[in-house]
Amino acid sequence: MIPFLELKKFLIENGAIGVSKFDLTYSTKCDRGLCVTEDIKAGQCLVEIPRRLCITPSWLFNNENTVIEILRIIPGKVRYTESLMLLFLLDDSIPMIKLYSSFFTKVKSLPAFWEEKVIHKMPLSIRTAASQVNSQFQRAYKICNLGFELVNRTPPNIDHIKLAFAAVTTRCFSWPSKLREEQKELFDVSEENTDYGFIPLADFMNHNSLCKSSLDFSNFSSVQIISKVDQSANEEVFISYGKFDNAYLLFNYGFIPSQNDHDFVSFDFDDIISITQYCDKDQKDLARFFGSRCERYSSLKVYENGIHLDFFRLALLIVSEEKHWNTINDSEELISLYKVMGDDYQSSALGLIRIALETSLSVVEHDIESLVKQPDTEPFQLVHTLFKQWTHILIIAIGKLRANASSITDMIIY
């Protein structure tokens, strides 16, 4: 039987509702996705999957498997991703795992698999992110090998481990769920009361920030996928993996969307301080005081359609007098800031922001030039695409700042 038909049959036999209205679809951009075979109305439940069919760390405790045995004897705590990788590699006799294994046969190219020599040649601005995901894979690789040794099994080759890592990290979801005490003892849980794993059929759906369907976890016994708008037969069904920028999607999922309303260029406190040569030292020191104590200044975002309020707030802090600092830091609304700040301060703050954006644009353009000199391989092509999108955001934002030199009310994003 064709694997997808076998999966649909298995889900229907085990209580899933609405499975028959889906079929596989393929495209050049995405290897595989799902489309509907009939017209769908807004608000309609596309599919309902019993939670007991979702392959999660919680599932491990309710079903016989080798992984639980490993988790109870392995030194230290294991991450959710690592436990599901072990399940994927060890227990393909389990019907659901066997079915899934038939779909994940091609190793997906992820930044986590980039060689160190490649990462070293990347621009400094993304080297850290590339190193972090590479470290996650290296840790998972060691955990998988140790797990196999603990149950006297021959460890898999690195391609199989890469396959498991790609399948788990790019196709699993997290959702609210009460964890049992043993889970907290065995797992390295970053967020308590959160489960993580494969949701049948949902994990076949591709990402689109303008998705027409969404996951609903409000039902305790099942997960539903709800259509937000009317959809036509043979139309691909998209969901959102989250409101992530393109850098996050690249390093965690291995792709960069052509359109993403949530993409941004990020600045930190030091980026702004480094260009404020004309500011008095005491102003810099107090601005640094705010920056080191307020999380709001750790990631200052610029989107194509505007700048974050905290970016404007920090710029005002730097250029304003001491008597305004507490008001600026505490005000939650832009109108409150306008009441205490005169036109001169606003103009100076806008000028500072514009200089920051122009400086960043020069850096990004220089990085693009350096990327062009590197080998024409997928890692450098992807990062080149990412940087071109950052260039686009900065150019648009700089143009809007110049056009709104007297007021940026319409450009502020809360």
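# Exercises on a predicted chain

Of the 414 residues in this chain, 51% count as buried (under 20% relative accessible area with a 1.4 Å probe, protein chains only; exposed is over 50%, partly exposed in between). The model is predicted, so local features need pLDDT of at least 70 and side-chain atom pairs pLDDT 80 or more, while totals for chains, interfaces and linings use all residues. Residues are numbered from 1 along each chain as its sequence is written, and side-chain values use heavy atoms, with hydrogens and water left out.

## Exercise 1: the whole chain

Find how many helices and strands the chain has, and the box its C-alpha atoms fill.

Step 1. Go through the DSSP runs, numbered from the N terminus: helices are H or I with at least four residues, strands are E with at least two. You get 17 helices and 13 strands.

Step 2. Along the principal axes, the C-alpha atoms fill a box of roughly 70 × 50 × 45 Å.

Step 3. Now take contacts (heavy atoms within 4.5 Å). Among those between residues at least 6 apart in sequence, 70% join residues at least 24 apart.

## Exercise 2: two aromatic pairs

Work out how the rings of Phe61 and Phe187 are arranged, then do the same for Phe387 and Trp390.

Step 1. Rings of Phe, Tyr and Trp (its six-membered ring) pair if their centres lie within 6.5 Å; planes under 30 degrees apart are stacked, over 60 edge-to-face, and the rest tilted. This rule gives 17 aromatic pairs.

Step 2. Phe61 and Phe187 sit 6.3 Å apart, centre to centre, with 75° between the planes, and that makes the pair edge-to-face. Phe61 is in helix H2 (residues 57-62) and Phe187 is in the loop between helix H9 (181-186) and strand E5 (194-197), so the pair ties together parts 126 residues apart in sequence. Both Phe61 and Phe187 are buried.

Step 3. For Phe387 and Trp390, the centres are 4.9 Å apart and the planes are at 25°, so this pair is stacked. Phe387 and Trp390 are three residues apart in helix H17 (residues 378-403), about one helical turn. Both of them are buried too.

Step 4. Finally, follow the ring pairs: they link Phe61, Tyr80, Phe187 and Tyr196 into a cluster.

## Exercise 3: a sheet

Put the strands of the four-stranded open sheet in order and pick out its edges.

Step 1. Two strands pair if DSSP finds at least two bridges between them. The order is E10-E11-E12-E13, with mixed pairing.

Step 2. Strand E10 (265-267) and strand E13 (412-413) each pair on one side only, which makes them the edge strands.

Step 3. E10 and strand E11 (residues 300-303) run antiparallel and are joined by three bridges. Val265 stands opposite Val302 in E11.

Step 4. At the E13 edge, look at Ile412, which lies in that strand. Ile412 has 10% relative accessibility, so it counts as buried.

## Exercise 4: helix H10

Decide whether helix H10 is largely enclosed, and find what covers its buried residues.

Step 1. Six of the eight residues of H10 (residues 246-253) are buried, so the helix is largely enclosed by the rest of the structure. They are Asn246, Ala247, Leu249, Leu250, Phe251 and Tyr253.

Step 2. The cover includes helix H7 (124-150), helix H8 (158-171), strand E6 (206-207) and H17.

Step 3. Check just after the helix: Gly254 takes a positive phi of about 85°.
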